[in-house]
Every structure is written in C-alpha cells, then in structure tokens.
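Work through the exercises below with the model open. Try each task before reading its solution.

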Amino acid sequence: MNITLIRRIVQITAFILFIYGGFFITVKHIDSSIMPFVKPPEDVVKADNLVPKTKYDEVFDSYFPTRTCRYIESDTRLFRACAMHFLTEVPIYGVPLYDFLPHLLLFLLLCFILARFMCGWLCPLGATQDFLDWVRRRLGLNHIKLPRLFVKFFEKFRYVWLTFLFIMAIAIVIPILGLTLYQKDLNLITCNTCPGRIIFPIITGGSPGWYLFNNPINIVIAVIAMLFLSIFLLSFFGKRMWCRICPTGALLSLFNKGCLIVKEKNPEKCTKCGICERVCPMDNKKVFKEKSKKIVNDYNCINCFKCVDKCPEDDCLKVKFLGKTIFRSKKEKPKDDKKDN
Amino acid sequence: MSEKKEPVFENRYPFEAKIQVNEEKIREIRENYIKISKINLEKMRRGKNRAANMAYFENALLDKTERIKELKEFKAKGGKVIGIFCVHVPEELIYAAGCVPIRMSCGFYDTIAPAEEILPKNICPLIKSSIGFNFLKVNPLFELCDIIIIPTSCDGKKKMAEILSNYQEVWTLEMPNDRDNEVSREFWVKQVRLLKERLENLTGSKIEKKVLKKYILKLHERTALVRELFDLRVGQKIVVDGRDVYFVLQTAFFDNPIRWMEKVRLLINELKKNIQNNKVIVKESTPRIIMTGSPLIWPNMKLLHIIEESGAVVVADDSCACGQYFYNPAELEEWSMKSMLEALSDKYLLPVVCPVFAHCDDRIDRLLELIEKYKADGVIYHILRLCQVFDFEYIKISKLFEKKSIPLIKIETEYSEEDAGQIKTRIEAFIEMLEARR
C-alpha cells in the first residue's frame, strides 16, 4: 500500500468527519452561524444575535487548526471553527485568558506535533483541491505549472496577509484608531475572504451567506474574497493553489521546521532524478536541491509525502515521527508475471 | 509528412566518407569480431556455477540472424529502425512512434585502424571504433538503421554526428551541459518535444498518449528488473560476476526488449535459487570491486577479464553501458502528454552520471552510495585513452577518496590487448592490497 493511497483514505475520512461529523454526535451546535467561537463576555457584545444560546463545554466544541469551518450548517460540523477564526476573534470579544488559553495550548500542541501535516492529510479544503486536481486528471487535461515568480510572490504575500489579519483583529478594538465603528464589517476578515466560507456551506446544503455591498469596506472584502475563491478554483488547473496563500497554512508553516514529523534525506542515495520536485503539489525544490543537510523539512511543504512515495531509491527519503520511521521511499519491485505484449 | 517543422542538420558539403578497405579485409574483421566474442564468452564460461540462463544472451550476441530477420519483417511493415548513442535518447518515445532503437556504441579494436582514415588521431577509441564498426558494416544491424540519433554529450559524439551524416541522416539531440538550472531543464524538455515531432514526421502518425503510456510502463518494468538484477549482487554470496552482468545488459543494445526482459526475469529467478542453494561463483572473502569511468563495451572486456581472473569480483558500476543503462525510472503521477514528456526528459537528463556535465558531485554521490551499498573494497577507475571528461574528474575523485581512505586505482588503457600484461600486474597488486586491508 503506497503512501498516497493511505493519504487519500485519511483525507476522505477527515473530510467526512470535519464536514459531516456533526451527524455522528448526539449533542448539536445550536448557535447561530455568526456566533463567536469562544464564549464572549456579555458586556462587550451588545447585539442580540451574538448572545450564546448554548454552553461551550462539550468536547466537540473545540476547534481544529485547519479549515473546519464555522459557517457549515451547525448540524453537520464536528468542530467549532478553525484556528484562524479563533485567533482573530479572541481580541474583538476580549475573551478572558482562562477561556481561550486551553484552546490556544491545544492549537500550539497540534502545531508542534503535526504542523502542516494537517494541510496535506486532514484539511478539508486541501482535500477539495486534490479532488479538483483528480477531476482534471481524469479529464486528461494538462496541469499548469505556476511560474516561479508567482510561487515566490505567494510565499511572501501570505505572510503579509497573515500579519494584516492579525493587525486588523487587534486594531478594531482599539478606540483611538477609530475603527471600532466598522467593527461589524471588519470583524473576521479571515473568514469573510476564505474560500471555505463559500465552499463548505454549499456542500452541506446551506447558503454561503452572500456578501453585502452596502459600504466600501464590504465591497473591498468581497472583491478580495472573489479573488481568493478564483485562486482556489484554479486548483483545477494547478495543484493546491489556495494552500500557497492560506493564512492558516502560513501560520502552520512557521512550525514546519521544528515539528515532530521530520522528513529526512540521504544525500548519497539521491540520484537527483528530479521526481520529487516534479510530483510536488507545492512546487517545492528543497527536497530535490538539498544535497548536504539531512533534514529536508521546508516552510512551504504540506507534508503530503508524495516525494517519499515516488522516490525510486531505497531509503533515500524517510519520514520520521519522534525518531521512528513511519514512511520510507522504496524502489519498485518487478511484477512477477506479465504476459501482455 | 516530408515537411519538417524544424530543419535537421543538413550536410551541405558532404564528402565521400568511404574507408578504403577491400571486401576481404572487411570479412576478416567480421570474422575477427565473432572470434573475439567467442574468446570472451569462453573466458566467461570458465567459472563454476555460472547461471544456465546465460545461454540465451550468448546466442543472441553470436547469432544475430534471428533479430535481423525480425527487424527486416518489421521494416517491411513500414517500421523504422533508429540507431542511438549514449543513454540520453528517450527510448520510450521511439517505441511509441512505432520505431525500434538500437544502441550502436562499440568497443571493437579491429575497426579502429580503418576508421582513422576519416577521423583525427587524437580522439577516444570508442568513437573510432563505433564509426569503423558501423561504416564497415561489421554490425549487420547498422544497415537497417534509417536514422541515427546522437545526443551532443561529449565532443567526440558531437563530431561523430557530423561525420556519420555523410552516410546517413543524423539527428542530434542538443544536451545542456549544466543541468542544475531551470533554463537548461526547460531547454531539454523542448529538445525532447522536438524529437517527438521529428519522429512523428518520420512515421507520419502522431504519438498517442495511450501508446506512450504503455511503453513508459513497459520500460519501467525493465528498470525494475535491472535493479533487481543489480540487487542480487549486494549480498555476501556472489552468484553472478561483473562480466556477465555487463554482457547481459549489453545484449539489450539490440535485442527485442520484451524478449530480453523475459529472459532476464528467468535469469534473476535462477540466480535467486542459486543464492538459496549456495551455488556461489567465488568464495565470500573475494575482494569486491566497483568499476567506474569510461564504459566498457563489448567485445572490450579486457579489463573485466583481468580483474575477475585475478581473484576479485566486480559487484557494481556506474557505467552508461551497464549500471546506468536502464537504472533510472520515469515516475509520474498523471498521464497527460506534457507530464509524460517532462518525466521522460527528466529521466534522461537529471540522474544520469555522465561526466559531460559541468560538475561531477552527483557522480561522486552515486559512487559513494555504491561503495556503501555493495560493501565494496576498492574502486577501479577505467579511463579510455583520450577520454578527457573522465580524466578531468579523476583528480577530484582521487583526492576525495584519499581523504576517505577508499582504495582507488586508475587504469588508462585502449582497446588493444598490448598493455594487458602491464595492467594485470597493477591490478593484481591492487587486489593483493585490498586483501591485506581486510
């Protein structure tokens, strides 16, 4: 059983769990779709519809770092929201430390253990993009290789965007900046521009909550969202387009080099055949180019381990978890009998 | 169909490239080739416990009539036979176009002297021999070739293309010399695409995705088989010697690949049984040698004979005529024409350890890996006289091996048997040294 097959099974399972997992649990989320993730102190939130209707102490009322969207029909979702939702929402409601710290610690723990492993194996948006890629392949269309220039640009842009999101999350609660008036519009730019916010409600039978064009801020956000959605849909032609600018991915990328999942390369066994680079959905060159260092974890890697799967040399590439090899590259064995001509 | 999108090399000043040798001499050379082949085979048969399945390959080499008949029938049906040099020509494309590639490199001494009439003195014997071998039609398969494809690897190959173009249509495949940058790789993909177009023009039909996929998978199987064969030499029990492996791989130069694969599969099965039954050809303490450097091409088995008759065994090599020939696979995950061409061009450029590329670090990595994997005791660096590229790289490799204290010996030789005695003395001393080191 090769790695990619295992990954597909995990991806499909994770997709079903995260998107439709709510059907399997007995206690339902009954909060409204614009409910904040953590319980807000009542004196901060004035609007009626933001008042929580349920207590947030169920196990599944936690969050998961990658896209487990809040805007999915509340019946079907397993987790409350994704990490970006959580992190950008905490400041606006002034959530007390004891309320959000457990969630933050869980997030950091998962980051240190898995980092972007979650992108390649668990993220439902990633799985959707892989599905689009699969459809294209079945249709026999060529994939478009993203020019190096764009790859480099996206690599930088995602951190600019991530920083902007965090700055805005904090800026809207500081009265001196005068943004408090627009709190309702500027709240959760992450979610308002996320393709998952449109895709997930559709596949769970809800409405994507269309954008309001009633003021300039909303228009700008809607335009950015449309842009991001089209980048996401371009994954049909390129591979994993959205993953290149995903803010959650950018955040998880920071943990990629120190996490417990380690990708190791034996430079002497490497014949530099370029296969690892060619099959990489993120157009990563690190595994291919590295000839002196042993560890080839890269910030941009989504840990799909396609390179390990396709590497034709025995033990050239290895995936280790806590020092234990979980995957290793194997050369193909000849089939025993083959009688077609 | 005859209209070509891209003009191929047109020799505007052709000269009559005829070698002044009479028929009798040619016949003599042909007979000599068979004789030398037989002597070689005789020497190889001497060892005990040699696999019985080697017989097929011996017959295939000595008696090519069946293969010629097969190819003639193939040509009568409109198929084309294509002569290729080096390991950089994408064979999958040729098969998919409905053509058959034949590798034409040669290591025959007798054809050198006649070839010197139309060649400069100071070039490597492989070029001289290949040209002579083909011009003098010692190789009967040469007459069947419609086109010759020559990658512009080393200088000798480049100019050989020009000389051969007096005789026959020659296509060159322009190879980048520095493969580490993106531009060269893109350039090479374009070259492969161009080759595809040329082949399509030649046959008048498009290369179809399905057919190309079929052949990629088929040759992938060949790679897997060859790797399996090489892996049999990893263990302490040696059941096949270096000469035999070289020989088997080189029968694939011209043999029908499907039949060849079947026979190699049989050979592998037999060798596996031999390992189980402890039918070894040499005792376990025999020094294990890695061959590197210029390719040893049939019937130039002189050096291998000397090594293996002096009580050592060649366990691996990184030569383009054996260890590298089918070693690299074309792995890909989607089967669109674009990605297939990319995978093919990568396969024939990036992992190939040819010294024509700008630096040899990848080749050193490969050698170190071979030494570790095959538990080799020493390395023999073979240089064909006037093969500059290998000579250049020797210096870097020797310095590194000195630091790592890996025994290395450089043997500079030609195709002639004259220096056999001298080489024998040196190799024997080297092997003694290896035995003493253990």
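## Exercise 1: the sheet of chain B

Task: In what order do the four strands of the open sheet in chain B lie?

Solution. This model is predicted. The order in chain B is β2-β1-β3-β4, and the pairing is parallel. Next, find the edges. They are β2 (99-103) and β4 (169-173) of chain B, each of which pairs on one side only. Then take the twist: neighbouring strands of this sheet are turned by 30° against each other on average, direction ignored.

Now look at one pair. Strand β3 (residues 147-151) of chain B runs parallel to β4(B), joined by five bridges. Within that pair, B:Ile150 is opposite B:Thr172 of β4(B).

## Exercise 2: helices on that sheet

Task: Which strands of chain B does helix α8 (residues 182-203) of chain B touch?

Solution. Start with helix α7 (residues 155-164) of chain B. It lies across β3 and β4 of chain B and runs at about 160° to β3(B). Helix α8(B) packs on the sheet too, touching β1 (80-84), β2, β3 and β4 of chain B. Its direction makes about 155° with that of β4(B).

## Exercise 3: a helix with two sides

Task: Compare the expected span of helix α3 (residues 97-114) of chain A with the distance between its end C-alpha atoms. Then state which of its residues are buried.

Solution. Step one: the helix has 18 residues, and 1.5 Å is allowed for each. The expected span is one less than the residue count times that rise, which gives 26 Å. The end C-alpha atoms of α3(A) are 25 Å apart, so the two values agree.

Step two: A:His103, A:Phe107, A:Leu110, A:Cys111 and A:Leu114 are buried. These residues cover an arc of only 105° around the axis, so they sit on the same side of α3(A). The general rule behind this: an α-helix has 3.6 residues a turn, so residues three or four places apart point the same way.

Step three: turn to the other side of α3(A). Exposed residues there include A:Leu97, A:Tyr98, A:Leu101 and A:Phe112.

Step four: find the cover. The buried residues of α3(A) are covered by elements including α2 (83-93), α4 (117-121), α11 (247-253) and β1 (261-265) of chain A. Just after α3(A), A:Ala115 has a positive phi of about 50°.

## Exercise 4: a hairpin in chain A

Task: How many residues lie between β2(A) and β3(A) in their hairpin?

Solution. Strands β2 (residues 317-321) and β3 (residues 324-328) of chain A run antiparallel, joined by four bridges. A:Phe321 has A:Lys324 of β3(A) as its bridge partner. Two residues lie between the strands. In the turn, A:Leu322 has a positive phi of about 55°.

Conventions
Residues numbered from 1 in each chain as written. Chains lettered and ligands numbered in written order. Predicted model: local features only at pLDDT ≥ 70, side-chain atom pairs only at ≥ 80, totals over all residues. Pairing = 2+ DSSP bridges. Axes fitted to C-alpha atoms, helices over the stretch in contact; angles between N-to-C directions. Contact = placed C-beta atoms within 7 Å. Buried ≥ 20, exposed ≤ 12 C-beta atoms within 10 Å, placed from the backbone. Arc of directions from axis to C-beta.
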